[in-house]
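User: I am in my first year and would like to learn how to read a protein model step by step. Could you take my questions one at a time and show the reasoning behind each reply?

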Amino acid sequence: MKKSSFLEGTMIATLSIILVKFLGMLYVIPFYATVGVLGSALYAYAYNIYIIFLDISSAGLPTAISKIINEYNTLGKMDAKMRAYSIGKKLISLVSISVFIILFIFAKQIAILIIGNITGGNTIDDVAFVIRCVSFAILVIPYMSVTKGFLQGHKIINVSSISQIIEQVVRISMILIGSYLGVKVLHLSMRNTIGIAVFSAFVAGISAICYIFAVMHKNKEVLGFNKEYKKDDVTNKEIIKKIFSYAIPFIIIDIAVSIYNFVDMVLIMHTLNYLKLDATTIEFSATAISTWSAKIGMIVNSVAMGMSVSLIPTIVSAYTLKKYREVNDKLNQALQLILISSVPMVVGIALLSEQIWTVFYGYNLNGSIILACHIFTSLFFNVYVVTSSTLQSLNKFKAVYISTLTGFIANALLDVPLMILFNLLGLRPYLGAILATCIGYSLSVFIALKILKKNNDISYKSTYKVAFKILLSTLAMIISVLLVKIILPLNTHNKLMCILYICLITLIGAIVYCFIGVKTGLIKDVFKEDYLNKVKKKLTLKR
């Protein structure tokens, strides 16, 4: 088991998450074609509820365990480290079982909250059934996440990264095979077919946890499981208190992110119903925003997710050893890595939204417009993840609460008024909900950055300079892409032609962006010369 540096850990975690999210993007093409609009909406209802309850049961503990393990490891308190892992497993088991029971018993009440009095689409019983099917995954995934946190606390990123890939491959395989057999071969009802699809999360979790435990069993000595440690002065009570003090902010952060989607979905459905739109349009718009455009946005979000895995233990180590300059440098480097990768991806997807939506879900003008606007929430989300992870790493829990809740409340309060305003202006009303989400994330980020600057003397000068160069490179990319689109317009809805068109324009845009990035010194500013030289040596076989 090899430990990873910050950049290496970021790259390993990010690449694995990109692969996982890429697979998560690709499977929706055949799945959406198999189950249609109603089936995909039913899947989205179960999936969004599952994510919220998964966050309740597991979001805080794994990351808290990662932080605590790294802290005790840095301080040489090995006995406390091992006891923290053991206590974490017991706590997560208790919470998971409790959440599973709540989700299974109150599935119908949750379905009523989602559907309300909307008729003509999926029924309350259908939604309740698929929620119960997905609830079984709550028994497995959180337990696995605590073990991942233990490994990440040791800066061992590759095992949890591989387990994610295994989990995704098994889940997607079961979704595609199950939905195809359910619809085409066994002719099952749509709710039974979707029930099979969402139950795949449970099977996938079992597969991934078997891999993790097998690897850990082979590396008992490296991880210290077969050693007797001298009992230190840290009590179990202190460990439990620390776990909860670290976990609660993480839970709030992750639940807030999930609730952003869920609140949008529910408010969009009820507001569009109030505005007298038909049931099919309502379900399509709500799930396109909360799930299907978000699926495409996952490839952008994976950058922040991968970075946070490596960022948290790195900043915790630096802060524990009072290396405040390193904390400043790592935060700025994280922000710069987010911006240099996310900005061109978001802008590129927006420019090619019509072709991308056609490839994934078939041509739909509303869908492509939703994607073009909604993809920008991924950029705000990425910066939000980095700033929130940093606040948590520095134990600024009050700041986490303030920034996150302010953004969430702003989003919730603005959803309905902005949708009604957009409708009065003759614009698509559901776009108001997207704007509300962007405003919410922006407020959270602004507050977090302000607090970090004030309380920890963080300077963002280097990031401002990098951001300006990123804007120049992105502007050059936009001009080049628009010129190509003018010279080579695409008026076909053929998926293969759209794929070729996307590949061509993406290649041209990437070349222009990187070329300007090199000329302005942007690439060197972000990745640093030492790391670029390492990459160069590897690419040239160290010659």
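The questions and answers below go from the whole chain to single residues and then to empty spaces.

User: Before we start, what kind of model is this, and which pLDDT do local features need?

Analyst: This is a predicted model, in which side-chain atom pairs count only at pLDDT 80 or more, totals for chains, interfaces and linings use all residues, and local features need pLDDT of at least 70. Residues are numbered from 1 along each chain as its sequence is written, and side-chain values use heavy atoms, with hydrogens and water left out.

User: How many helices and how many strands are there in the protein chain?

Analyst: Helices (H or I, at least four residues) and strands (E, at least two) are taken as DSSP runs and numbered from the N terminus. Counted in this way, the protein chain has zero strands and 20 helices.

User: What percentage of the residues in the protein chain is buried?

Analyst: A residue is called buried under 20% relative accessible area, exposed over 50% and partly exposed in between, using a 1.4 Å probe and protein chains only. The protein chain has 543 residues, and the buried share of them is 55%.

User: Which helix gives the most residues to the largest nonpolar core?

Analyst: A nonpolar core is a set of buried Ala, Val, Leu, Ile, Met, Phe, Trp, Tyr and Cys residues joined through side-chain atoms within 4.5 Å. The largest one here has 147 residues, and those with the most contacts inside it are Phe-31, Tyr-43, Tyr-45, Ile-114 and Trp-292. With 22 residues, the element that gives the most to this core spans residues 28-75 and is helix 2.

User: Is Ser-40 buried or exposed?

Analyst: Ser-40 has its place in helix 2, and a polar atom of its side chain lies 2.9 Å from the backbone oxygen of Gly-36. Contact means heavy atoms within 4.5 Å, and, not counting residues up to four places away in sequence, Ser-40 touches Tyr-32, Val-35 and Trp-292. Because its relative accessible area is 1%, Ser-40 is buried.

User: How far apart in space are Ala-318 and Leu-394, C-alpha to C-alpha?

Analyst: Ala-318 is found in helix 11, which covers residues 279-320, and its relative accessible area is 2%, so Ala-318 counts as buried. In sequence, Ala-318 and Leu-394 are 76 residues apart, but in space their C-alpha to C-alpha distance is 9.8 Å.

User: Which residues is Ser-473 in contact with, leaving aside its neighbours within four places in sequence?

Analyst: Ser-473 has its place in helix 17, and it is buried because its relative accessible area is 0%. Leaving aside neighbours within four places in sequence, the residues in contact with Ser-473 are Tyr-513, Ile-516, Gly-517, Thr-520 and Leu-522.

User: Which helix gives the most to the lining of the second largest cavity?

Analyst: On a 1 Å grid over the protein atoms alone, a cavity is a set of points where a 1.4 Å probe fits but cannot get out, a pocket is an open set with protein on both sides within 12 Å along at least five of seven lines, and lining residues have an atom within 4 Å of a point. Grid points are joined across faces, edges and corners, and a volume is the space filled by probe spheres set on the points. The structure holds two cavities of 30 Å³ or more, and the second largest has a volume of about 60 Å³. Its lining includes Tyr-43 and Arg-171, and the most, four residues, comes from helix 8.

User: Which helix supplies the largest share of the lining of the second largest pocket?

Analyst: This pocket has a volume of about 530 Å³ and is lined by 19 residues, of which Leu-339, Val-383, Val-445, Leu-449 and Tyr-464 lie nearest its centre. The largest share of the lining, six residues, comes from helix 16.

User: Where does Asp-457 lie?

Analyst: Asp-457 has a positive phi of about 55° although it is not a glycine. Its relative accessibility is 66%, so Asp-457 counts as exposed. Its place in the chain is the loop between helix 16 and helix 17.

How values were computed. A polar contact is a pair of N or O atoms within 3.5 Å; within protein, one must be able to donate a hydrogen and the other to accept it, and residues adjacent in sequence count only if both atoms are side-chain atoms.
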